[in-house]
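This report describes how two protein chains meet and which charged side chains pair within and between them. The sequence and structure are shown first.

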Amino acid sequence: MKKVAPGFVIALIGGLALPQNAVAMHIAEGLLPFNWAAFWFAVALPFFAWGIYRLNQRSSEDLSFKPLVGLMAAVVFIISCMPIPVPFAGTCSHPCGTGISGILVGPAISVVITAAALLIQALFLAHGGLSTLGADVVSMGVMGSFTGFLTFRALRSVKVNMAVAAFMAGLFADWATYFMTSVELAAGIRGEGAFLPLFWKVLIAFIPTQLPLGVLEGAMTAGMVVLLYKKRPDLLIKMRVIKAREVAVIGAVLIALTIFFSGVAPAEASKWTGVDEVVIEKIAKEQGREPREPLINMEQGDLPLFIFLVAGVVGGFAAGYYWRVLIAEKGPPLCRGGAERSPEASAKIRGS
Amino acid sequence: MHLLEYYASDHWLSRIDARVKLLVTLIVLVMVLSYRGVGFQLLVAALSLTLIMSMKIPWRIFLLRFSEPLLIVLVVLLLKIFFTGHDPLFSFNILGFHLTAYREGLAEGIAIGSRIMAAISLMAVLVYATPFPELMAALSWLKVPRGFIEILLYAYRYIFVLFEEAMVIYQAQKNRLGYANFRNRLSSFGILTGSLILKAFEQSQTLSTAMVQRGYDGNMPLFQRRPFRSSEIFLSCLVVTVMGILWGI
C-alpha cells in the first residue's frame with residue numbers, strides 16, 4: 001500500500017482554502033468535537049473575564065469608553081470582512097484587525113472586542129460558530145491581541161520608530177493568529193492520528209496566503225497608527241498608546257529644528273557662492289569676458305525702496321479710481337430691493 | 001449586510017421566547033458535538049433545514065450563509081479520505097501523485113462533515129427566527145456579562161453606519177484612481193481603515209455625549225422580560241426529551 005504524498009495534501013488544503021480565506025481565520029461551527037470546544041472555551045474564559053473587568057474599570061473613569069469599544073468592535077468586524085489582495089497567492093484574503101485593537105485599547109479589552117465581532121460573524125454570517133467561539137477567541141483575540149500589543153510595547157520601549165513598531169505588531173499578530181488556528185485545527189480534526197504531522201501540514205497550507213498577508217496587515221497597521229498620530233494624536237494619548245510628554249517632546253524638537261533652520265540657513269546661505277559666480281563667471285573669465293558694473297545697480301542707495309513706493313502710489317490711485325467697478329457694482333444694485341418692496345411689506349417693517 | 005438583517009418575522013418559531021429558543025439550541029448543539037456517529041447529526045441537520053425551508057428564506061441568503069461551511073466540509077472530507085486510515089478504498093494517479101482513499105478516513109470525514117452541517121443548520125434556525133435585540137436579552141438572562149452585551153449592541157448598531165461610511169470612502173477613492181494597482185490598492189485600503197477608526201472615535205464621542213444628556217450613567221438599561229408561557233416550557237421540554245432519547249439510541 002502506497003502512502004499519499006504529503007505535498008499533495010498540503011496543496012489540497014491550500015488550494016481549497018485559497019478562494020475563501022475566511023475558512024482559515026475562523027474555525028467553522030461544529031468542526032471541533034465537544035471536548036476540544038469546551039477546552040478552548042476554558043482557555044479563553046480567564047482572558048475574557050479580565051477584559052470585562054478592565055472594560056468596567058475604564059468605563060467607570062470615562063463614560064465614552066464603552067461606546068468607543070463597541071464601535072471598535074464594529075470596525076474589527078468590517079476590517080475582518082474586507083478582502084485585500086495577496087501577492088504570490090493570486091487571491092484575496094482577510095486581515096484580522098486584532099493587532100490595531102490590541103495597540104489602541106490594550107490586549108485584555110481587545111479580547112472582548114474580538115469576542116463581540118466573532119459572535120456577530122458567527123451568528124449572522126456563519127463565519128466561525130457558537131461552539132468554536134472559544135477556539136476563535138483564543139487564536140484571534142488572545143494570541144493576536146497579546147502578540148500585537150507586546151510586540152508594539154517591547155519595540156517602543158527600546159525607542160523603535162512608531163511606524164516600524166506598529167508594522168511588526170500587525171505582522172506578528174497575524175502570524176500568531178494563524179499559528180494558533182493551525183494548533184486548534186490539527187488538535188480538533190486529527191481523530192486517532194498523530195498531532196504533529198497534521199499540524200505541520202495545516203500550518204504549511206496557510207503559508208501561501210498568510211505569510212504575505214501578515215506583511216500586508218503589518219503595513220496597514222503601521223498606516224493606521226501613523227494616520228492617527230498625524231490627525232488625532234490626542235486620541236492616542238487618551239488610549240494610552242503614547243504619552244503627552246512624548247508628543248510635547250516631538251513637537252518641541254520640531255519647533256526647535258524649524259527655528260534653527262529658519263535662523264541659521266539664510267546666514268549660512270550668504271556665505272555660499274551661487275551658480276553664477278562658481279560656473280558662469282568662471283567660464284566667462286576663461287573666454288576673456290571680465291565682469292563690469294551693472295547699468296542700474298540695485299544694491300546701491302534706496303532704489304528698490306523708491307520703486308516700491310512709486311508702485312504703491314500708482315496701485316493705490318488705480319484701485320481708488322476704479323473701486324466702484326471692482327467692489328460696489330459687482331453685487332446686486334443696493335437700492336433695488338427697497339424700491340421693489342410692496343407698500344404693505346414696507347409698512348409692516350416700519351411697524352415692527 | 002443583507003445577512004445581518006434577515007429575520008423571518010411571520011414564522012411560528014419567531015413567536016416563541018428567545019430564551020427558550022437559545023436554551024434548546026445550546027442543549028441540542030452540545031448533543032450534536034458530543035455524539036459519536038452520523039445518524040443523530042444528519043437528523044438534526046435535516047430537521048433544521050426543513051424548518052429553514054418553511055421560513056421561506058430567499059435562496060441567495062441561504063446560499064451565502066451555507067457556502068463557506070460547505071467548502072469547509074469538502075476540505076475536511078478530502079483531507080480525511082486521503083490522509084487518515086489504513087484500509088484502502090480505491091486509488092488512482094493524478095498529476096504524478098498516487099492517491100489512495102481510505103475507508104476509515106471516509107467515515108471520519110463524513111462524521112465531521114455531518115457534525116458541521118448539523119451545527120450550522122441549527123444555528124441558522126435560531127438566527128432566522130430571532131431578532132438581534134431579543135437574542136441579546138436571552139444572553140443577558142443566561143448571565144452573560146452586561147458590559148459584553150452592551151458592546152455587542154453598540155457594535156451591531158454601528159456596523160451598518162460604518163459600513164456605509166466605508167462604502168462612501170471606497171467610492172470616493174475609486175473615483176480618484178484609488179485601487180488602481182497593487183501598491184495603490186494597499187495604500188488606499190490603509191487610508192480607508194484608518195479613516196474608519198477615526199470615524200469610530202468621532203461617532204463614539206457624539207454617541208456618548210448624546211447618551212449622557214439623556215441620563216446615561218455608564219450602564220445601558222437593558223430589556224424587559226416577560227414570564228414564560230406554559231406552552232413554551234412544555235414544547236422546549238418535549239424537544240429536549242425527544243432529542244435526548246434519539247441521542248442515546
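## A salt bridge between the chains

In this predicted model, R232(A) and E202(B) form a salt bridge, with their closest N and O atoms 3.7 Å apart. The pair crosses from helix α8 (residues 182-213) of chain B, which holds E202(B), to the loop between α9 (195-231) and α10 (233-238) of chain A, which holds R232(A).

Both partners fall in the intermediate class of accessibility: E202(B) is partly exposed at 38% relative accessibility, and R232(A) is partly exposed with a relative accessible area of 25%. Because the partly exposed class begins at 20% and ends at 50%, neither R232(A), at 25%, nor E202(B), at 38%, is classed as buried.

## The interface of chain A and chain B

The salt bridge of R232(A) and E202(B) belongs to a wider interface, in which 75 residues of chain A are in contact with 81 residues of chain B. About 7,300 Å² is buried between the two chains, and 81% of this area lies on carbon and sulfur atoms.

Across this interface the rule finds two salt bridges, and six residue pairs are in polar contact, with both residues at pLDDT 80 or more. On the side of chain A that touches chain B, helix α4 (residues 65-79) of chain A gives the largest share, 12 residues. By class, that side of chain A has 58 nonpolar, seven polar and 10 charged residues.

## A salt-bridge network in chain B

Over all chains, the count comes to 10 salt bridges. Which residues are linked in a network of salt bridges? The network links D17(B), R19(B), R226(B), R229(B) and E232(B).

Within this network, R226(B) forms a salt bridge with D17(B), the closest N and O atoms being 3.9 Å apart. The pair joins distant parts of the chain: R226(B) is in the loop between α8 and α9 (230-248) of chain B, D17(B) is in the loop between α1 (2-5) and α2 (18-34) of chain B, and the two are 209 residues apart. R226(B) also forms a salt bridge with E232(B), where the closest N and O atoms are 2.9 Å apart. The accessibility of the three residues is as follows: R226(B) is partly exposed at 32%, while D17(B) is buried with a relative accessible area of 9% and E232(B) is buried at 3%.

## A buried aspartate in chain A

Is D174(A) buried or exposed? D174(A) is buried, with a relative accessible area of 0%. The cut-off for burial is under 20% relative accessible area, so D174(A), at 0%, falls in the buried class.

D174(A) lies in helix α8 (residues 162-189) of chain A. Apart from its neighbours within four places in sequence, D174(A) is in contact with C96(A), Q210(A), L213(A), G214(A) and E217(A).

## A hairpin in chain B

Strand β1 (residues 88-94) and strand β2 (residues 97-102) of chain B pair in the antiparallel sense over six bridges. One bridge joins I94(B) to its partner F97(B) in β2(B).

The two strands, β1(B) and β2(B), form a hairpin with two residues between them. In the turn, L95(B) has a positive phi of about 50°.

Note on methods. Residues numbered from 1 in each chain as written. Chains lettered and ligands numbered in written order. Predicted model: local features only at pLDDT ≥ 70, side-chain atom pairs only at ≥ 80, totals over all residues. Heavy atoms only, no water. Contact = heavy atoms within 4.5 Å. Buried area = accessible area lost by both parts, 1.4 Å probe. Salt bridge = Lys/Arg side-chain N within 4 Å of Asp/Glu carboxyl O. Polar contact = N/O pair within 3.5 Å; in protein donor to acceptor, adjacent residues only side chain to side chain. Helix = DSSP H or I, 4+ residues; strand = E, 2+ residues; numbered from the N terminus. Nonpolar A, V, L, I, M, F, W, Y, C, P; charged D, E, K, R; others polar. Pairing = 2+ DSSP bridges. Buried < 20%, exposed > 50% of the residue type's maximum accessible area, 1.4 Å probe, protein only.
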